[in-house]
Amino acid sequence: DHAFRSQTAQGVDHDGEGYLLIDDLVDTGNTARIIRKLLPKAYFATLYAKPMGREFVDLCVKEFSQDKWVYFPWDIDYKFVPPLKKKEK
C-alpha cells in the first residue's frame with residue numbers, strides 16, 4: 001500500500017474526469033480512499049465490494065460481508081487431482 005501511494009502521488013496531475021478505474025475487489029477501502037483523493041472525478045467500478053470499501057466506488061457487481069474471503073482464479077494454485085475410480089475397459 002505504501003509503494004502504491006508513493007508511486008501514484010508523483011504521477012497524478014489532474015482530477016480524474018473522464019477516467020474509468022476498474023478493480024477486482026474493494027475490501028477495507030484503504031487503496032480506494034487514496035484513489036478517491038487523487039482522482040475524485042473518476043468513475044470507479046469494481047467487481048466485488050465489502051462494506052468498509054463500498055462507499056468509495058460508484059459501481060460494484062456484487063457486495064460481500066466484510067468477513068467473507070473472495071477467491072480469484074489468479075490467486076489459486078490449481079493442481080491435478082486423479083480420478084476417484086479408474087474406468088474399466
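How many salt bridges does the count come to? It comes to four, taking a salt bridge as a side-chain nitrogen of Lys or Arg within 4 Å of a carboxyl oxygen of Asp or Glu. Keep in mind that this is a predicted model, where local features need pLDDT of at least 70, side-chain atom pairs count only at pLDDT 80 or more, and totals for chains, interfaces and linings use all residues. Residues are numbered from 1 along each chain as its sequence is written, and side-chain values use heavy atoms, with hydrogens and water left out.

Here are some of those pairs.

| Salt bridge | Closest N and O atoms |
|---|---|
| Lys41 and Asp15 | 3.4 Å |
| Arg36 and Asp58 | 2.7 Å |
| Arg54 and Glu63 | 3.3 Å |

Start with Lys41 and Asp15, which pair up in a salt bridge. Lys41 sits in the loop between H2 and strand E2 (43-49), and Asp15 in the loop between helix H1 (2-11) and E1, so the pair ties together parts that are 26 residues apart in sequence. (Helices, H or I with at least four residues, and strands, E with at least two, are DSSP runs numbered from the N terminus.) Asp15 is partly exposed, at 28% relative accessible area; the cut-offs are under 20% for buried, over 50% for exposed and partly exposed in between, using a 1.4 Å probe and protein chains only.

Next up is Arg36, whose salt-bridge partner is Asp58. Arg36 lies in helix H2 and Asp58 in the loop between helix H3 (51-54) and strand E3 (59-63), so this pair links parts that are 22 residues apart in sequence. Arg36 is buried, with a relative accessible area of 17%, while Asp58 is partly exposed at 37%. Besides Asp58, Arg36 is in contact (heavy atoms within 4.5 Å) with Ala42, Phe44, Phe56 and Val57, leaving aside neighbours within four places in sequence.

As for the third pair in the table, Arg54 is partly exposed, at 24% relative accessibility.

Now for the core. The largest nonpolar core has nine residues: Leu21, Val26, Ala32, Ile35, Leu39, Ala42, Phe44, Phe56 and Val57. Such a core is a set of buried Ala, Val, Leu, Ile, Met, Phe, Trp, Tyr and Cys residues joined through side-chain atoms within 4.5 Å. Strand E1 (20-26) and helix H2 (30-38) are the elements that give two or more residues to this core. Phe44, one of its members, touches a mixed set of residues including Leu21, Asp23, Val26, Arg36, Asp58 and Leu59, again not counting residues up to four places away in sequence.
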